[in-house]
Amino acid sequence: MKIGVLTSGGDAPGMNAAIRAVVRTALRRGWSVAGVRNGFAGLIGGSFVSLGARDVGGIVERGGTFLGSARCPEFREEEGRVRALRHLRQDGIAGLVVIGGNGSQTGSHALCQMGFPVVGVASTIDNDLCGSDVTIGVDTALNIAIEAIDRLKVTASSHERAFLVEVMGRDCGYLALMAALAGGAEAVVLPEIDVEPDVIAADLRASYERGKAHAIVVVAEGARYDGEALVRYFREHKGRLGFEPRLTVLGHVQRGGRPGASDRLLATRLGAAAVEQLARGGHGVLVGTIDNRIQATPLGEVVAGKKTIDRDLLDLARTLAQ
Ligand code: ATP
């Protein structure tokens, strides 16, 4: 049997470890593996490369994805997916592992519905994917965010200045909330829970009044008031609010790190589990971890669901900011 493996959407630290696990567990079964270059674009263009055990050596410690990833609008159209199917069949590929986030697994689901066996592996730094409590890349991205927050705290304390730190996550506030908790921020702004800038200003003022020398606000990029919008608001109302916070947008810095132990282990376990699923004929599912156990969730459920924020953790972040 021959299977394909691809990485799609935003790259996430640990994707390489997942590819390696897919390849080596498949080889152990006596299967062969085709790596697909640049996500769904490589499927549509028939860009396949044969992967042996040595081809995936020395990548477990590297961030990004050595197969390349891409956003591919053509795959959203049936015509694009028909071309992809033609290449898969011409190449004798009988099953596919898709390592990626929400959009990518929507693509996996669409391909499955056209009759092709696909297993998804939960991988995105946004952690916005149902079917896995955490996804590959989140932990490393979070560590990068808190390292930045730690550093900003030092300079904020020296100058008694307020800092806004914008983190990634698209429409999901997970990364922002966890970074705020682990980094000890004074306030957090999430896409899921709308907050007015005046409330944030009041939080900052209160933290100075409690004797703090610094004030850090973690802002999710998907919030109604993102970092730039907040800076604009604070500038326009400086007289009344009395603050002009500095903005640091972490952006893609969060993606490119060396994967930490948690992400390597998660990616390794999920990559191997994806191959086991294909072997069992259990396609049309996403493999992820729920309550620390590897679980397979139907892709239909995964793409229809929406991950919610844990309000208890938000309350805890507020309690600990005192
Ligand atoms: P991340 O959130 O980490 O960036 P992602 O997988 O959510 O990862 P997207 O850009 O949303 O990233 O999706 C990646 C690719 O998945 C798209 O470029 C497209 O090729 C495919 N895709 C997304 N939505 C669909 C859809 N509705 N039908 C088919 N394919 C899709």
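Q: Which word fits Cys172, buried or exposed?
A: This is a predicted model, in which local features need pLDDT of at least 70, side-chain atom pairs count only at pLDDT 80 or more, and totals for chains, interfaces and linings use all residues. Residues are numbered from 1 along each chain as its sequence is written, and side-chain values use heavy atoms, with hydrogens and water left out. Buried means under 20% relative accessible area, exposed over 50%, and partly exposed in between (1.4 Å probe, protein chains only). The relative accessible area of Cys172 is 6%, so this residue is buried.

Q: Between which two elements does Cys172 lie?
A: Helices (H or I, at least four residues) and strands (E, at least two) are DSSP runs, numbered from the N terminus. Cys172 sits in a loop, and the elements on either side of that loop are strand 6 (162-167) and helix 6 (174-183).

Q: Which residues does Cys172 contact, leaving aside its neighbours within four places in sequence?
A: Contact means heavy atoms within 4.5 Å. With neighbours within four places left out, the contacts of Cys172 are Asp126, Asn127, Asp128, Pro191 and Glu192.

Q: What is the relative accessible area of Ser123?
A: Ser123 is in the loop between strand 5 (118-122) and helix 5. Residues up to four places away aside, Ser123 touches Ala12, Met15, Ile99, Gly100, Gly101, Leu129, Thr135 and Ile136. Ser123 counts as buried because its relative accessible area is 1%.

Q: How far apart in space are Leu286 and Gln322, C-alpha to C-alpha?
A: Leu286 belongs to strand 10 and is buried, with a relative accessible area of 0%. Its contacts, not counting residues up to four places away in sequence, include Gln105, Val121, Leu129, Cys130, Leu299 and Val302. Gln322 is 36 residues from Leu286 in sequence, and the C-alpha to C-alpha distance is 40 Å.

Q: What separation do the C-alpha atoms of Gly42 and Ala84 have?
A: Gly42 is part of helix 2 and is buried at a relative accessible area of 3%. Leaving aside neighbours within four places, Gly42 is in contact with Val36, Arg37, Ser47 and Phe48. Ala84 is 42 residues from Gly42 along the chain, and their C-alpha atoms are separated by 8.3 Å.

Q: What phi does Asn38 have?
A: Most residues other than glycine have a negative phi. Asn38 lies in the loop between strand 2 (32-36) and helix 2 (39-45), and its relative accessible area of 36% makes it partly exposed. Although Asn38 is not a glycine, its phi is positive, at about 60°.

Q: Which class fits Asn292, buried or exposed?
A: Asn292 is in the loop between strand 10 (285-290) and strand 11 (293-298). Its phi is positive, about 65°, although Asn292 is not a glycine. The relative accessibility of Asn292 is 68%, so its class is exposed.

Q: Which residues touch the most other members of the largest nonpolar core?
A: A nonpolar core is a set of buried Ala, Val, Leu, Ile, Met, Phe, Trp, Tyr and Cys residues joined through side-chain atoms within 4.5 Å. The largest such core has 62 residues, and those touching the most other members are Val5, Ile216 and Val218.

Q: Which helix gives the largest share of the residues in the largest nonpolar core?
A: Val5, Ile216 and Val218 touch the most other members of this core. The largest share of its residues, eight, comes from helix 5 (residues 138-159).

Q: How far apart are the C-alpha centres of domain 1 and domain 2?
A: The bounds, which come from an automatic or database domain assignment, give domain 1 (2-137 + 259-304) and domain 2 (139-256). The C-alpha centres of domain 1 and domain 2 are separated by 34 Å.

Q: How many residues of domain 2 take part in the contact with domain 1?
A: The C-alpha centres of the two domains lie 34 Å apart. Domain 1 puts 14 residues into the contact, and the count for domain 2 is 11.

Q: How much space lies in the largest pocket?
A: On a 1 Å grid over the protein atoms alone, a pocket is an open set of points where a 1.4 Å probe fits, with protein on both sides within 12 Å along at least five of seven lines, and lining residues have an atom within 4 Å of a point. Grid points are joined across faces, edges and corners, and a volume is the space filled by probe spheres set on the points. For the largest pocket this space is about 500 Å³.

Q: Which helix gives the most to the lining of the largest pocket?
A: The lining has 25 residues, and Ser8, Arg76, Asn102, Gly103 and Ser104 lie nearest the centre of the pocket. With six residues, the element that gives the most to this lining is helix 4 (residues 102-113).
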